[in-house]
Structures are given as structure tokens and as C-alpha cells.
Amino acid sequence: MMGGMAGLEGMERPRPRCGTAAAHRELPGADRDTAPTRGGPVSAALDLVGDPTLDEVRLPSRPESAGTARRLTASVLLEQWSLSPQLAEHAVLLVSELVGNAVRHTGARTFGLRMLRRRGWIRIEVRDPSRGLPCLMPVHEMDTSGRGLFLVDKLSDRWGVDLLPRGKTTWFEMRVTDR
């Protein structure tokens, strides 16, 4: 899909456990959040919609897709990559924020989710067909919305937006300790 991403040469790509074709089905109970745990409904996410470490997973641009994206993120970070629960928790929160922005602000029918790993780093991307750039706004204590990119800025090590011929990819990267 997208080649030549800066600094991500030699990406780790886990072997697929099952077919990798992304389905456009909803997960059972997609409106419920499942805590990041190993096995069970979290692993089912990969089986139902595809593995975002192998190819971009396309999800419908609906609020309930945020739960699917969170479960996919937890599954990859905890089960496939064996990363720390705290890192997974932060990444799940940031994915939720990026997906929320894609769903609320782009008018798209679908968005894409992809996860990449290289030594010492993970990168998570949300792609949508809008070329409108997200804006990091000042956040005040009593604000009830508009904190998404503020959280991305504070919890990730790097983040940004890559404009594409048709749309954009909003991404964040986090340092990881390789075991």
C-alpha cells in the first residue's frame, strides 16, 4: 500500500496464524469494550477482520468500529508482540482517538488501520480519504472534547500526518523494549 516510510526499514512481520484477507464484518459485541487480555474476544478480532500487521484492515466509519480497532490493537501488542500491558493500554487509547477523528471528521465510508514494528519502535496508522489535516488545539482543564491529539502528542514519542494522493495517514510511534 504505502512504501518507503521513514525509519521503518526492516519491519518485523509476524507469521499469519490464519488467512489474512480483511473481512468487512462486525465483531460480535462490537459495541462493548473488552479489556486488553490474552485470548478470547481479543484474539477473535484478528480472525474476523484481518491482521493489521500483515496488511491494512478496512473498517466501516462508524462509532462502534473504535471498539474493533481497540481490540485489534490490544491483540497485536499483547499476544503477537508480547509488549507490556501499560504500553498496550496507551496505544489502545491513542488508536481510539485517531479512529474517533477519522469517524467524526472525515465523512468517509471506511478507514484503514495498520500496525508496524521494527527494532525498538511500533507505529500505528489510521488512513482515511480526507485530505483535511488534524489540528492540535490548546487544551484547557474544563474542556469536554478536543483532547484527542493532545493525548496522542503526550503519550506517543512521535506522531504526524502523511498526505496521500487521495487522503491521509495519521500515525503515531512509540518506543518499545525488545525482549
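The expected span of a helix is taken here as 1.5 Å times one less than its number of residues, with helices (H or I, at least four residues) and strands (E, at least two) being DSSP runs numbered from the N terminus. The structure described is a predicted model, in which local features need pLDDT of at least 70 and side-chain atom pairs count only at pLDDT 80 or more, while totals for chains, interfaces and linings use all residues. Residues are numbered from 1 along each chain as its sequence is written, and side-chain values use heavy atoms, with hydrogens and water left out.

The protein chain contains 4 helices and 5 strands, which are arranged along the sequence in the pattern α-β-α-α-β-β-α-β-β. Of the 179 residues in the protein chain, 50% are buried, where buried means under 20% relative accessible area, exposed over 50%, and partly exposed in between (1.4 Å probe, protein chains only).

Helix H2 covers residues 65–80, and for its 16 residues a span of 22 Å is expected at 1.5 Å a residue, in agreement with the 21 Å that separates its end C-alpha atoms. Because 15 of the 16 residues of H2 are buried, this helix is largely enclosed by the rest of the structure. Ala69 belongs to helix H2 and, with a relative accessibility of 0%, counts as buried; its C-alpha atom lies 9.3 Å from that of Val57, a residue 12 positions away along the chain.

The loop between H2 and H3 contains Ser82, which has a positive phi of about 50 degrees although it is not a glycine. Most residues other than glycine have a negative phi. With a relative accessible area of 33%, Ser82 is partly exposed.

Helix H3 has 21 residues, and the distance from its first C-alpha to its last is 30 Å, close to the 30 Å expected at 1.5 Å a residue. Just after H3, a positive phi of about 70 degrees is found at Gly107.

In strand S2 (residues 110–118), Met115 is buried at 1% relative accessibility, and its C-alpha lies 6.4 Å from that of Glu125, although the two residues are 10 apart in sequence. Leu113 also has its place in strand S2 and is buried at 0% relative accessibility; between the C-alpha atoms of Leu113 and Asp51, which are 62 residues apart in sequence, the distance is 9.5 Å.

Trp121, in strand S3, counts as buried at 10% relative accessibility, and its C-alpha atom is separated by 9.4 Å from that of Asp157, 36 residues away along the chain. The face of Trp121 is covered by Arg158, which lies 3.9 Å from the ring centre; a charge is taken to sit over a ring if NZ of Lys or CZ of Arg is within 6 Å of the ring centre and within 35 degrees of the ring normal. A further arrangement of this kind involves Arg123, whose charged end sits over the ring of Trp171 at 4.1 Å from its centre. By contrast, a search of the whole structure for aromatic pairs finds 0, with rings of Phe, Tyr and Trp (its six-membered ring) pairing if their centres lie within 6.5 Å, and with planes under 30 degrees apart counted as stacked, over 60 as edge-to-face and the rest as tilted.

The largest pocket holds about 350 Å³ of space. A pocket is defined, on a 1 Å grid over the protein atoms alone, as an open set of points with protein on both sides within 12 Å along at least five of seven lines, and lining residues have an atom within 4 Å of a point; grid points are joined across faces, edges and corners, and a volume is the space filled by probe spheres set on the points. The largest pocket is lined by 23 residues, of which Asn101, His105, Pro134, Cys135 and Leu149 are the closest to its centre. Two or more lining residues come from each of helix H3 (85–105), strand S3 (121–128), helix H4 (148–155) and strand S5 (167–175), and H3 gives the most, with 6 residues. By composition, the lining of the largest pocket divides into 10 nonpolar, 8 polar and 5 charged residues, where Ala, Val, Leu, Ile, Met, Phe, Trp, Tyr, Cys and Pro count as nonpolar, Asp, Glu, Lys and Arg as charged, and the others, Gly among them, as polar.

Notes: 1 Å grid on protein atoms, 1.4 Å probe; cavity = no way out; pocket = protein on both sides within 12 Å on 5 of 7 lines; lining within 4 Å.
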